[in-house]
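Visitor: I would like a close look at one part of this model, and then to be led outward from there to its surroundings. Please take your time and keep the account connected.

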Amino acid sequence: MAEAHPILSDPLRNFKFNVIFSRNSNGVVEPPINIGFMSVSGLSVNTDVIPYREGGYPTSPHKLPGQTDFQPVTLSRGLTVGTTFFMDWMRTVMAVSSGDAGAVASSREGYDFRHDVEIQVLSHPVMAGNGIVRARFKLYNAWPTTVSFSDLDAGANQIIINQMTLVHEGFGFKLAEASPTARAPEFSSE
């Protein structure tokens, strides 16, 4: 019996990933923005259960799937000088929601404050060179609902943490084939 290659038997590590933001503005695809994060949490989907009973089957209810909802995703990173992406994006959302004339006019012309966010899970370098994309999550039409910063404390020995919570309209998930030489999983053109 042949022994399985480590890529086939070892689970993917959760500390090796990239987060890429992309958007389509006025019909023009802007260059993606790649930002490093220390954590991504909230990648989950939940479908409500609708129980119902039949008159001829009174012992237990039947169950049907109801509305599906995707949980908000929280991205965390250390605050770095020169990175204003979080606040710029939040300002755009606030301008559109408050009816700012310039933002609303831009929105009518096709500007969209929503981004697609792709999270690439990379293989560990020991297993496959410099880390090959082994899995992808893609959040569709994501936009920030919260941007927050950790407390400022002169007595602490910590870094400032910047967090952003994104709501989205669903996510896709693709996993690479079970082969050490398999190509990275791709999303079809949507």
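Guide: V73 counts as buried because its relative accessibility is 0%, a value that falls under the 20% limit used for that class. This holds for a predicted model, and every value that follows is likewise computed from predicted coordinates. V73 is found in strand β8, and, leaving aside residues up to four places away in sequence, V73 touches V40, S41, G42, L43, L139, M164, T165, L166 and H168. A further long-range relation involves P144, which is 71 residues from V73 along the chain although the C-alpha atoms of the two are separated by 9.4 Å. Such pairings fit the chain as a whole, where residues 24 or more positions apart account for 65% of the contacts with a separation of 6 or more.

Two of the residues that V73 touches, M164 and L166, lead on to the largest nonpolar core, which has 25 residues and in which M164 and L166 stand, together with F21, F37, W89 and V117, among those with the most contacts. At least two residues of this core come from each of β1 (17-22), β8 (73-78), α2 (85-98), β9, β10 (133-149) and β11 (161-167), while the largest share, 6 residues, comes from α2. In soluble globular proteins, nonpolar side chains tend to be buried together. Across the chain of 190 residues, buried residues make up 31%, and the secondary structure comes to 3 helices and 12 strands.

V117 shows how several of these elements meet, for V117 touches V19, I20, F21, W89, F137, K138, L139, A142 and L166, again without counting residues up to four places away in sequence. Strand β9 (residues 115-122) also holds Q120, which is buried because its relative accessible area is 11%, under the 20% limit. The side chain of Q120 is joined to that of E118 by a polar contact of 3.1 Å, and beyond four places in sequence Q120 touches K16, F17, N18, I20, V133, A135 and R136.

Strand β10, too, deserves a word, and N141 lies in it. The phi angle of N141 is near 50 degrees, a positive value in a residue other than glycine, whereas most residues other than glycine have a negative phi. N141 is partly exposed because its relative accessible area is 27%, which is between the 20% and 50% limits.

The empty spaces complete the picture. The second largest pocket encloses about 220 Å³ of space, and of the 13 residues that line this pocket, R13, N14, F17, V121 and F137 are the closest to its centre. Strands β5 (39-41), β9 and β10 each supply at least two residues of that lining, which by class has 9 nonpolar, 2 polar and 2 charged residues. There is also 1 cavity of 30 Å³ or more in the structure; the largest cavity holds about 30 Å³ of space and is lined by I35, R77, L79, T83, F86 and N162. By class, the lining of the largest cavity has 3 nonpolar, 2 polar and 1 charged residues.

Notes: Residues numbered from 1 in each chain as written. Predicted model: local features only at pLDDT ≥ 70, side-chain atom pairs only at ≥ 80, totals over all residues. Heavy atoms only, no water. Helix = DSSP H or I, 4+ residues; strand = E, 2+ residues; numbered from the N terminus. Buried < 20%, exposed > 50% of the residue type's maximum accessible area, 1.4 Å probe, protein only. Polar contact = N/O pair within 3.5 Å; in protein donor to acceptor, adjacent residues only side chain to side chain. Contact = heavy atoms within 4.5 Å. Core = buried A, V, L, I, M, F, W, Y, C linked by side-chain atoms within 4.5 Å. 1 Å grid on protein atoms, 1.4 Å probe; cavity = no way out; pocket = protein on both sides within 12 Å on 5 of 7 lines; lining within 4 Å. Points joined across faces, edges and corners; volume = space filled by probe spheres on them. Nonpolar A, V, L, I, M, F, W, Y, C, P; charged D, E, K, R; others polar.
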